[in-house]
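Thanks for sharing this one. Here are my notes, set out as numbered points so that you can follow them with the structure open beside you.

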Amino acid sequence: MTREEKLGRLQEIFRDVLDQPTLRITEDFSTTDCPEWDSVATVQIVLAAETAFGIRVPLETVAHLRNARELLDLLP
Amino acid sequence: MPRAALTALHHCVPARRLTEAELEARFGAKNVQSIAKLSGIHERRIVEPGMTAADLAFAAADRLLGARAVPRGTIDLLIVTTQTGDYQIPGTAYVLHERLGLSKSCAAYDLNQGCAAYPYALALAEGLFESGVARRALILNTDALSGVIHPQDRTLVTLHGDGAVATLLEPAVADEGLLGFHFGTDSSGWRYLCMPASGARQPRGENTRREIADDTGCVRTDEHFQMNGQAIFHFAIHQVPEVVREALKKFGVTVADLDLVILHQANRFMIEQIYKKLGVPPEKQFFYLENVGNLSGAATPAALSEAVRQGRVKPGALILLAAFGVGLSWGVALVRLGANGLLPIAASTDLTLADLAAHP
């Protein structure tokens with residue numbers, strides 16, 4: 001899967017969790033771009049990404065996650 | 001020496017209610033409703049000014065001992081778990097030992113533990129039963145975090161309440177009692193539940209009183225309790241099911257053998273996710289947070305106490321208790337009630353300063 005394809009899959013997760021069906025994200029998409037992206041949404045996004053990609057995101061990454069790139073970098 | 005067994009429980013929360021309406025005025029309706037939808041918490045009980053965690057513990061213990069007519073001189077072990085004691089020195093156990101009128105032959109000490117406090121306290125008491133030190137123990141789990149949470153910290157104010165639970169332990173008969181324990185620690189996460197300027201490492205001063213707002217608008221200072229909610233949520237969802245599975249294997253039991261599985265009452269969505277991962281059916285689940293909030297170290301025993309009060313726990317029931325939090329730490333305990341069960345004692349959900357003045 002290319003990085004672009006992974007970002008596309010992440011975009012689906014963000015759309016679902018943030019309840020914004022037409023949302024378009026870039027790697028720079030961050031919590032400051034979207035008021036709905038709060039700590040609860042972060043957990044939901046991480047859990048969905050873990051399920052979708054079969055990974056376990058490290059606790060430290062979850063604690064400080066603020067943009068899509070930090071998650072994208074972890075995807076296999 | 002006989003094992004220890006739970007023979008009485010009583011929980012106490014203060015009369016003061018922190019309602020959704022008050023919080024909506026402070027944080028906005030959308031924020032509060034969004035958190036409540038996931039947390040399942042719609043009202044919290046918090047102490048009024050002048051009331052402390054020790055007061056809650058005193059009331060819980062005093063009422064339990066009175067209801068069971070336990071001679072105070074027969075208590076030979078007092079363990080108090082709290083993170084919000086009356087003093088840094090001495091431990092709250094000594095303050096309560098005096099107030100409760102316990103004897104000079106009663107050992108007393110504090111256990112500095114957070115949300116995982118109950119299994120830890122039970123295990124320590126069990127060890128002292130087996131070594132012959134204790135024959136009748138009182139465990140008091142109490143916290144009043146409302147006093148150390150910044151009033152504009154939306155993530156903590158909306159979740160936490162204050163409360164205390166008294167547990168009486170006496171020698172086990174037959175196969176009842178505290179049957180097993182399983183503990184662990186992931187200290188890589190201790191910073192995610194922390195009150196930075198609360199001890200020797202970071203002395204209090206002008207800098208520690210400075211208010212800091214994060215990018216979501218939550219305000220706190222270094223003198224307040226702080227939580228990285230997303231880290232803690234992630235930790236709980238992954239770690240707790242794993243350690244409960246380890247514990248069940250160690251104890252040689254399955255979910256099918258259990259009558260009730262009680263988890264730390266942090267957040268309803270979190271608890272539901274853990275139950276789902278473990279395959280715990282609805283009839284073995286229990287929630288006690290909607291109208292009291294997360295009671296920190298008192299939350300797990302308060303849920304057990306409330307389950308007893310509601311008649312959800314039958315004599316001889318096999319119960320798994322799993323608690324997790326500050327540290328980051330976790331503890332699991334397997335408990336079998338006796339043939340007579342636990343005598344239900346009405347919960348105290350109304351404690352006021354006037355009550356305390358009447359029974360100092």
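**Notes on the model**

1. Let me start with a pocket, keeping in mind that this is a predicted model. The second largest pocket has a volume of about 270 Å³. Its lining is made up of 16 residues, and those closest to the centre are B:Leu18, B:Arg26, B:Ile46, B:Ser146 and B:Ile149.

2. What is the lining of the second largest pocket like by class? It has 8 nonpolar residues, together with 4 polar and 4 charged ones. Among the residues closest to the centre, you can find B:Arg26 and B:Ser146 as well as B:Leu18.

3. Next, please look at a sheet in chain B. Here 4 strands form an open sheet with mixed pairing, in the order β8-β15-β14-β13. Its edge strands are β8 (177–185) and β13 (260–263) of chain B, each of which pairs on one side only. From one strand to the next, the twist averages 15°.

4. The pairing of β8(B) with its neighbour is worth tracing by eye. Strand β15 of chain B covers residues 329–336, and 8 bridges join it to β8(B). These two strands run antiparallel. For a point of reference, find B:Gly180, which stands opposite B:Leu334 in β15(B).

5. Which helices pack on this sheet? One of them is α5 of chain B (residues 117–130), which touches β8, β14 (318–325) and β15 of chain B. The direction of α5 makes about 125° with that of β8(B). Helix α7 of chain B (residues 229–251) also packs on the sheet, and β8, β14 and β15 of chain B are the strands that it touches. For α7, the angle is given against β15(B), and the two directions make about 40°.

6. Now for the chains as wholes, beginning with chain A. This chain has 4 helices and 0 strands, so reading from the N terminus its elements run α-α-α-α. Its C-alpha atoms fill a box of roughly 25 × 25 × 20 Å along the principal axes. Chain A has a radius of gyration of 11 Å, which agrees with a compact globule, because with 76 residues such a globule would have a value near 11 Å.

7. Chain B has 10 helices and 16 strands. Along the principal axes, its C-alpha trace spans about 55 × 45 × 35 Å. Why does its radius of gyration of 19 Å agree with a compact globule? With 360 residues, a compact globule would have a radius of gyration near 21 Å, and the 19 Å of chain B agrees with that.

Key
Residues numbered from 1 in each chain as written. Chains lettered and ligands numbered in written order. Predicted model: local features only at pLDDT ≥ 70, side-chain atom pairs only at ≥ 80, totals over all residues. Heavy atoms only, no water. 1 Å grid on protein atoms, 1.4 Å probe; cavity = no way out; pocket = protein on both sides within 12 Å on 5 of 7 lines; lining within 4 Å. Points joined across faces, edges and corners; volume = space filled by probe spheres on them. Nonpolar A, V, L, I, M, F, W, Y, C, P; charged D, E, K, R; others polar. Pairing = 2+ DSSP bridges. Axes fitted to C-alpha atoms, helices over the stretch in contact; angles between N-to-C directions. Contact = heavy atoms within 4.5 Å. Rg over C-alpha atoms; globule rule 2.2 N^0.38 Å.
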